[in-house]
Amino acid sequence: MRENNLRAIWRAGGSALNGWLSIPDSFAAETMAHQGWDSLTVDMQHGVTDYASAVAMMTAISTTPTVPMVRVPWLEPGIIMKALDAGAQGVICPMINDRAEAERLVGACRYPPQGYRSFGPNRSLLHYGADYPERANDSVVVIAMIETAQALDNLDDILGTPGLDAIYVGPADLCFSLTGKFGFDHTEPPLYDAITRIMERAKAHDVISGIHCGTAAYARRMIDLGYRFVTGGSDVHLMAAGARAAVLEVKGQGTDATVPATPSKPVGPY
């Protein structure tokens, strides 16, 4: 079976750079996959991607060593299992708030006896090989999103869930839950304190810590802080920033695009 490169990176003590895909197009996904990301996450929660598009995008990503991931819309076992059957090597699930929800997430991603995933790995069996059923439980990465005050209160219980590989900070919802406002790339309390605490508690539980970042510079800062899985840009915002820079330059208005790769104020899907 093809190795999950995220596990190889983490086993070596490194941090993985993830890209975000919100555009439902296989050519766009393939183009992103050739740029050197360690993984790419197809966003089925806030992106405009349906299941058929997600399958085509993962097929395109798989022409490269980049790991295909899916953020599922919700903690719903059916779509989680369909994403894995279609070739996702990892699942990011939003709004995991307690140990019971984390256990349901892990169970949906693992074949018995470790979980209750139903058997039918159509594309995964085709792409990863005949030994996929025997090795999937050790290969698939299960990631729970931490993005509410409730999740923070239950953080150690969530991190103690057997089979949970990683957690992933959703900064916009976490900011709203703690302050009543949305935002990204926090350097101020209480958000930065929470971000630091999440990383430290994950490390104590030997769970990988991940975070959605607004800019490449902040992603680098999070790696330096100790995060092991960082999202450093999305197809939508990288396209917008590049297009804006070209427009400004041609019009003689400078080259400093005012649309960053992932802005501090939410614009588009996250």
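**Note on the barrel and the largest pocket**

1. In this predicted model, strand β3 (residues 67-71) pairs with strand β4 (residues 90-93) in the parallel sense, and three bridges join the two. Within this pair, M69 of β3 stands opposite G90 in β4.

2. Helix α3 (residues 51-61) packs on the sheet, where it touches β1 (16-21), β2 (39-43) and β3. The direction of α3 makes about 170° with that of β2.

3. The pairing of β3 with β4 belongs to a wider arrangement: eight strands close into a barrel, in the order β1-β2-β3-β4-β5-β6-β7-β8, with parallel pairing. From one strand to the next, the twist averages 25°. In general, strands of a sheet pair through backbone hydrogen bonds, either parallel or antiparallel.

4. The largest pocket has a volume of about 290 Å³. It is lined by 15 residues, and the closest to its centre are W10, D206, V207, I208 and R228. At least two lining residues come from each of α1 (5-11), α11 (191-204) and β7 (208-212). Sorted by class, the lining has seven nonpolar, six charged and two polar residues.

5. Where does R228 sit in the chain? R228 is in the loop between α12 (216-225) and β8 (229-234). Setting aside neighbours within four places in sequence, R228 is in contact with I9, W10, G13, G14, S15, A16, I208 and S209. Two of these contacts, W10 and I208, are also listed with R228 among the residues closest to the pocket centre.

6. R228 and M95 are 133 residues apart in sequence, and their C-alpha atoms are 20 Å apart in space.

Key
Residues numbered from 1 in each chain as written. Predicted model: local features only at pLDDT ≥ 70, side-chain atom pairs only at ≥ 80, totals over all residues. Heavy atoms only, no water. Helix = DSSP H or I, 4+ residues; strand = E, 2+ residues; numbered from the N terminus. Contact = heavy atoms within 4.5 Å. Pairing = 2+ DSSP bridges. Axes fitted to C-alpha atoms, helices over the stretch in contact; angles between N-to-C directions. 1 Å grid on protein atoms, 1.4 Å probe; cavity = no way out; pocket = protein on both sides within 12 Å on 5 of 7 lines; lining within 4 Å. Points joined across faces, edges and corners; volume = space filled by probe spheres on them. Nonpolar A, V, L, I, M, F, W, Y, C, P; charged D, E, K, R; others polar.
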